[in-house]
Amino acid sequence: MSDLRFDGRVAIVTGAGGGLGRQHALLLASRGAKVVVNDVGGSVAGEGRDAGPAETVAQEIRDHGGEAVADTHSVATPDGGEAIVRTGLDAFGRVDILVNNAGILRDALFEDLTLELLEPVLDVHVNALFHVTRPAWRIMRDQGYGRVVNTTSAVGLLGSPRKSNYGTAKAGVAGLTRVLALEGAGHGIKANAIAPIAATRMLTQHLGDTADGRPRHDAATTAMMDAVVGSLDPALVSPVVAFLAHEDCPVTGEIYTAGAGQVARFFTGRTRGYHHPALSMEDVRDHLAEIRDETGYTVPDGPGEEIAQLLRVIAVQSQRATE
Ligand SMILES: NC(=O)c1ccc[n+]([C@@H]2O[C@H](COP(=O)([O-])OP(=O)(O)OC[C@H]3O[C@@H](n4cnc5c(N)ncnc54)[C@H](O)[C@@H]3O)[C@@H](O)[C@H]2O)c1
């Protein structure tokens, strides 16, 4: 089988001045894509600006014989999103691939969450998907081809304390990915998401000391985590992103977790549940184990299939009642 390449394709990678985004940009460029390296160059909390990281990565790509242009607009505003996509059009004449990767963290307990801790996180992770993806989407629709790879997180899919802002945003990313997949289906556009695990400055902050400088874990746990973190090279996430961004990608609307070289799929399952035509509160209490039992769960591909499953249960029960 031949190597997968992106010759003639133009990719935008947001937040590509470091961490995961840099690796995604380097891999796509090494396989022939022309890349817009977008990054505002801020801190993990999204403070400050520095044009250096985006330009350094773009130069790194050019030094290796690839084609890249730096872009320092923020994903967090509609104007920024339009400008990022315009950079791709002006430099390379088209946009085929959008990797929505930019991210920040502003952790706090739910009761301590201020608007300053909430709004920038929603802006960078979820509102940005509208700001950057909509202008790119119009181009992809017109050309009948596109690949969107979003970045969600286990925090959004499974939850994590002190991250109500981030978890909400990342759950939104997962939901939007499903909708984009459906709306893109007739237009040659595929949209998928990754939930990465990688040793970047963001993960270090997540695992590190608490805000007031106290260690979050005991020494043994910290030593074990250091060993695990050592195997979490962000470059091992990028092959999953690049495959989902490739023309040969057969899937859409899916979420893949990737870290340390392992790839797996997250999905939303539905238990078989319990049905009673005159359901009472007590029925819920008395049948909770059955309601929660994961045996024979299904993975509906959309709300229509879920309703169809429900209607089948009702039909079977009414049939039994008349027998
Ligand atoms: N590292 C992990 O284990 C992990 C886990 C789950 C999800 N993620 C997600 O992966 C993505 C990449 O994170 P990372 O771990 O590489 O962290 P990182 O901090 O190294 O990279 C994030 C990049 O986004 C850039 N950025 C922030 N705000 C921006 C804005 N408004 N416009 C443009 N660029 C902006 C930052 O400057 C930074 O370079 C994020 O969406 C993050 O939430 C990471």
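Helices here are DSSP runs of H or I with at least four residues, numbered from the N terminus. Everything below comes from a predicted model.

**View A. Ala242 sits in helix α9, which covers residues 238–244.** Ala242 has 24 C-beta neighbours inside 10 Å, so it counts as buried, the cut-off being 20 or more. Follow the chain from Leu28 to Ala242 and you cross 214 residues, yet the two C-alpha atoms are 6.4 Å apart in space. Setting aside residues up to four places away in sequence, Ala242 touches Leu27, Leu28 and Arg31.

**View B. Helix α1 is mostly covered.** Of its 12 residues, 11 are buried. The run of buried residues includes Gly19, Arg22, His24 and Ala29, and Leu27 and Leu28, two of the residues touched by Ala242, are buried as well. How far apart should the ends of α1 be, at 1.5 Å a residue? The expected span is 16 Å, and the end C-alpha atoms lie 17 Å apart, so the two agree. Look just past the end of α1 for Gly32, which has a positive phi of about 105°.

**View C. The ligand has 32 residues around it.** Closest in are Gly15, Gly19, Gly103, Thr200 and Met202. Two elements, α1 (19–30) and α7 (201–207), each give two or more residues to this shell. What is the shell made of, by class? It splits into 14 nonpolar, 16 polar and two charged residues. Gly19, one of the closest residues to the ligand, is also on the list of buried residues in α1.

**View D. Helices α3 (residues 78–92) and α4 (residues 115–143) pack against each other at about 40°.** Their axes are 8 Å apart, and the crossing is right-handed. On the α3 side, the residues that meet α4 are Pro78, Gly80, Gly81, Glu82, Ile84 and Val85. Their partners in α4 are Ala128, His131, Val132, Pro135 and Ala136. Sorted by class, this contact holds seven nonpolar, three polar and one charged residues.

**View E. Val10 belongs to strand β1, residues 10–13.** With 23 other C-beta atoms within 10 Å, Val10 is buried. Its contacts, leaving out neighbours within four places in sequence, include Ala33 and Lys34, along with Gly88 and Phe92. Arg94, Val95 and Asp96 are in contact with Val10 too. For another distance to check in this view, try Ala68: 58 residues along the chain from Val10, with 9.4 Å between the C-alpha atoms.

Notes: Residues are numbered from 1 along each chain as its sequence is written. This is a predicted model: local features need pLDDT of at least 70, side-chain atom pairs count only at pLDDT 80 or more; totals for chains, interfaces and linings use all residues. Axes are lines fitted to C-alpha atoms, for helices over the stretch in contact, and angles run from 0 to 180 degrees between N-to-C directions. A crossing is left-handed if the near helix is turned anticlockwise from the far one by less than a right angle, and right-handed if clockwise. Two residues are in contact if their C-beta atoms, placed from the backbone, lie within 7 Å. Ala, Val, Leu, Ile, Met, Phe, Trp, Tyr, Cys and Pro count as nonpolar, Asp, Glu, Lys and Arg as charged, and the others, Gly among them, as polar. A residue is near a molecule or strand if its C-beta atom, placed from the backbone, lies within 6 Å of it. The expected span of a helix is 1.5 Å times one less than its number of residues.
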